[in-house]
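Q: Please take a close look at a single part of this model and describe its surroundings. Give the cut-off for each term as it comes up.

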Amino acid sequence: MTLGVRAAAFDEAGRVFLVRHSYVPGWHMPGGGVEHGETLLEALAKELSEEGNLEIIGAPDLVTIYFNRPTSRRDHVVLYRCTVTQSAPKQADREILEAGFFALDQLPEGITRATRRRLAELAGDTPFSEIW
């Protein structure tokens, strides 16, 4: 089994932070794999720092765990909701082409279906799914 973390990371203005990777199309919530010997919260903090220069304020809320069938028959994603601050704007690099905060009514063109669904679930607009 493989395990990953993703964050519905909001700033204090209620905007969500999204990233556009170099290796997969679309805009996504930041996150990545949990490494050997790493806790979920350590992985979450590391990914937020690497992908957005973000730091978590307070304790993140565990939302749910999804089966990530599109990626693998063995992959699961743990989603957290958290409030974050950004130490500096994220500059493009080999992994992250673009990143930024977006108002929920002004999401970027090309947001993935899964990301849009997760935001709708968090808003209470649609029931939670077990599949990413």
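A: Buried means under 20% relative accessible area, exposed means over 50%, and partly exposed is in between, with a 1.4 Å probe and protein chains only. The model is predicted, so local features need pLDDT of at least 70 and side-chain atom pairs count only at pLDDT 80 or more, while totals for chains, interfaces and linings use all residues. Numbering runs from 1 along each chain as its sequence is written, and side-chain values use heavy atoms, without hydrogens and water.

The part chosen is Lys 90, in the loop between β6 and β7; helices (H or I, at least four residues) and strands (E, at least two) are DSSP runs numbered from the N terminus. With a relative accessible area of 17%, Lys 90 is buried. Its side chain reaches the backbone oxygen of Glu 50 at 3.1 Å. Counting contacts as heavy atoms within 4.5 Å, and leaving out residues up to four places away in sequence, Lys 90 touches Glu 50, Glu 51, Gly 52, Asn 53, Ile 96 and Ala 99.

β6 (75-86) and β7 (96-102) both give two or more residues to the largest nonpolar core, as do β1, β2 and α1 (40-52). Such a core is a set of buried Ala, Val, Leu, Ile, Met, Phe, Trp, Tyr and Cys residues joined through side-chain atoms within 4.5 Å. This one has 15 residues, and Ala 9, Leu 48, Leu 54 and Val 84 have the most contacts inside it. β6 gives the most, 4 residues. Among the residues that Leu 54 touches are Ser 49, Thr 85 and Phe 101.

Methods. A polar contact is a pair of N or O atoms within 3.5 Å; within protein, one must be able to donate a hydrogen and the other to accept it, and residues adjacent in sequence count only if both atoms are side-chain atoms.
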